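Trainee: Could you walk me through the side-chain pairings in this protein, one kind at a time?
Mentor: Gladly, let us look at it together and take your questions as they come.

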Amino acid sequence: MGRCGFISVLAAITLLLPLNAYGQSNCIPVYARTEDAVAYKAGEKLSFKMHYSWGIINSDIGTGEVSLDTVRFSGVKAFHCRVTGKTARLYDAFFKVREDFNSWFSCDGLVPLRFTRDTHEGRYVAKNDYNYLWDASKPYIDAKIFTSSQGDVIRQLPLKPCTFDLPSLFFFARNIDMSRVQADIKYPMTFAIDDDIYDVYFIYRGRCTKKVKGLGTVKCLRFAAKLLEGAVFNGDADIDIYISDDLNRLPVLFGAPIKYGNVEGRMMAYSGLKYPFSSLVD
């Protein structure tokens with residue numbers, strides 16, 4: 001699936017994919033950046049199913065999982081997020097996918113500290129190992145990168161406030177302050193993946209109610225993002241992301257058309273939530 005691949009669709013949770021260029025680094029408007037006030041807590045675990053449809057094919061093809069705990073990182077209390085994804089055994093013979101993303105970010109401030117990526121998609125392999133050097137005279141990301149197409153690469157990626165990796169961006173965005181967000185307006189954000197920095201945006205589309213297979217009916221906040229044209233996405237349509245309209249801000253459903261069919265992710269199970277799942281109405 002390319003640069004962000006399977007995990008980016010899963011992480012459209014975030015998980016937002018490479019989108020159209022927007023501009024300089026910016027922050028999502030959030031209501032909290034401290035551990036006691038954010039939308040989640042250590043022990044949260046979310047499970048997802050990935051679904052693909054094209055012609056006569058209409059099937060779940062894989063699973064994903066997002067888990068959160070707390071650790072000590074260089075003397076700082078930090079959240080540790082792990083995001084994994086894999087194709088079902090039946091589909092491994094056609095295109096085997098294994099994804100493992102790990103991100104560490106401070107409990108107070110939600111400042112990214114370290115990020116690792118281990119991606120295997122068919123014959124394509126990508127590995128990232130980032131250290132965020134905020135204390136340098138000119139902050140940068142010390143990025144060690146391997147891809148099966150380019151081999152080993154070391155980069156110093158530019159680092160500005162509100163630059164994230166994909167998992168830390170996902171958790172930062174869950175604290176969005178809806179009182180400061182208007183419908184149909186582009187809101188920018190910035191993330192790093194492999195050897196590049198992306199300036200992207202999201203759009204709020206309003207409130208709705210969605211029936212999520214295997215979960216139930218959920219009151220949602222609907223968001224959209226324009227996809228970057230590439231090997232998988234044609235660039236003509238948006239990805240839709242439905243977030244629970246409660247204090248947890250859970251990604252319950254997300255999907256997008258691709259060049260051959262449609263791909264969708266849906267939340268199937270959850271545990272360790274900080275707040276009641278009050279938007280689940282049926």
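**Side chains that meet**

Mentor: Asp142 is a buried residue, its relative accessible area being 19%, and please keep in mind throughout that the model is predicted.
Trainee: Which side chain does Asp142 meet in a salt bridge?
Mentor: Asp142 meets the side chain of Lys144, with 3.2 Å from N to O, and Lys144 is partly exposed, with a relative accessible area of 39%.
Trainee: How many salt bridges does a search of the whole structure find?
Mentor: The search finds 12 salt bridges, and one that is worth your time joins Lys77 to Glu35, where the closest N and O atoms are 3.1 Å apart. That pair links distant parts of the chain, since Lys77 belongs to strand 3 (residues 76-87) while Glu35 is in the loop between helix 1 (5-10) and strand 1 (45-54), 42 residues apart.
Trainee: Why does Lys77 count as partly exposed?
Mentor: Lys77 counts as partly exposed because its relative accessibility is 36%, which lies between the limits of 20% for buried and 50% for exposed. Glu35 is partly exposed too, with a relative accessible area of 24%.
Trainee: And Arg117 with Asp194, are they buried or exposed?
Mentor: Both Arg117 and Asp194 are buried, and they form a salt bridge whose closest N and O atoms are 2.6 Å apart. This pair also links distant parts of the chain, with Arg117 in strand 5 (residues 112-121) and Asp194 in the loop between strand 10 (186-193) and strand 11 (196-212), 77 residues apart.

Trainee: New topic, then: which residues touch the most other members of the largest nonpolar core?
Mentor: Tyr40, Phe223 and Val252 do, in a core of 68 residues. Tyr40 counts as buried because its relative accessibility is 0%, and, leaving aside neighbours within four places in sequence, its contacts include Leu68, Phe79, Phe105 and Lys274.
Trainee: How many aromatic pairs are there in the whole structure?
Mentor: A search of the whole structure gives 18 aromatic pairs. In one of them, the rings of Tyr40 and Phe79 have centres 5.6 Å apart and planes at 75°, so this pair is edge-to-face. Tyr40 lies in the loop between helix 1 and strand 1 and Phe79 in strand 3, so the pair ties together parts that are 39 residues apart in sequence.
Trainee: Which cluster do the ring pairs make there?
Mentor: Ring pairs link Tyr40, Phe79, Phe105, Phe170 and Phe171 into a cluster, and Phe79 is buried, with a relative accessible area of 1%.
Trainee: Where does the charged end of Lys186 sit?
Mentor: The charged end of Lys186 sits over the ring of Tyr201, 4.9 Å from the ring's centre, and Lys210 lies over the face of Tyr242, at 4.8 Å from the ring centre.

Trainee: Last thing, what about disulfides?
Mentor: The count comes to one disulfide, which is formed by Cys27 and Cys162, with sulfur atoms 1.2 Å apart in this model. The two cysteines come from distant parts of the chain, with Cys27 in the loop between helix 1 and strand 1 and Cys162 in the loop between strand 8 (151-158) and strand 9 (163-164), 135 residues apart. Cys27 counts as partly exposed at 31% relative accessibility, whereas Cys162 is buried, with a relative accessible area of 11%.
Trainee: Which cysteine sulfur is nearest to that of Cys208?
Mentor: The nearest is that of Cys220, 5.2 Å away, and Cys208 is in no disulfide.

Key:
Residues are numbered from 1 along each chain as its sequence is written. This is a predicted model: local features need pLDDT of at least 70, side-chain atom pairs count only at pLDDT 80 or more; totals for chains, interfaces and linings use all residues. Side-chain values use heavy atoms; hydrogens and water are left out. A salt bridge is a side-chain nitrogen of Lys or Arg within 4 Å of a carboxyl oxygen of Asp or Glu. Helices (H or I, at least four residues) and strands (E, at least two) are DSSP runs, numbered from the N terminus. Buried means under 20% relative accessible area, exposed over 50%, partly exposed in between (1.4 Å probe, protein chains only). A nonpolar core is a set of buried Ala, Val, Leu, Ile, Met, Phe, Trp, Tyr and Cys residues joined through side-chain atoms within 4.5 Å. Contact means heavy atoms within 4.5 Å. Rings of Phe, Tyr and Trp (its six-membered ring) pair if their centres lie within 6.5 Å; planes under 30 degrees apart count as stacked, over 60 as edge-to-face and the rest as tilted. A charge sits over a ring if NZ of Lys or CZ of Arg is within 6 Å of the ring centre and within 35 degrees of the ring normal. A disulfide is a pair of cysteine sulfur atoms within 2.5 Å.
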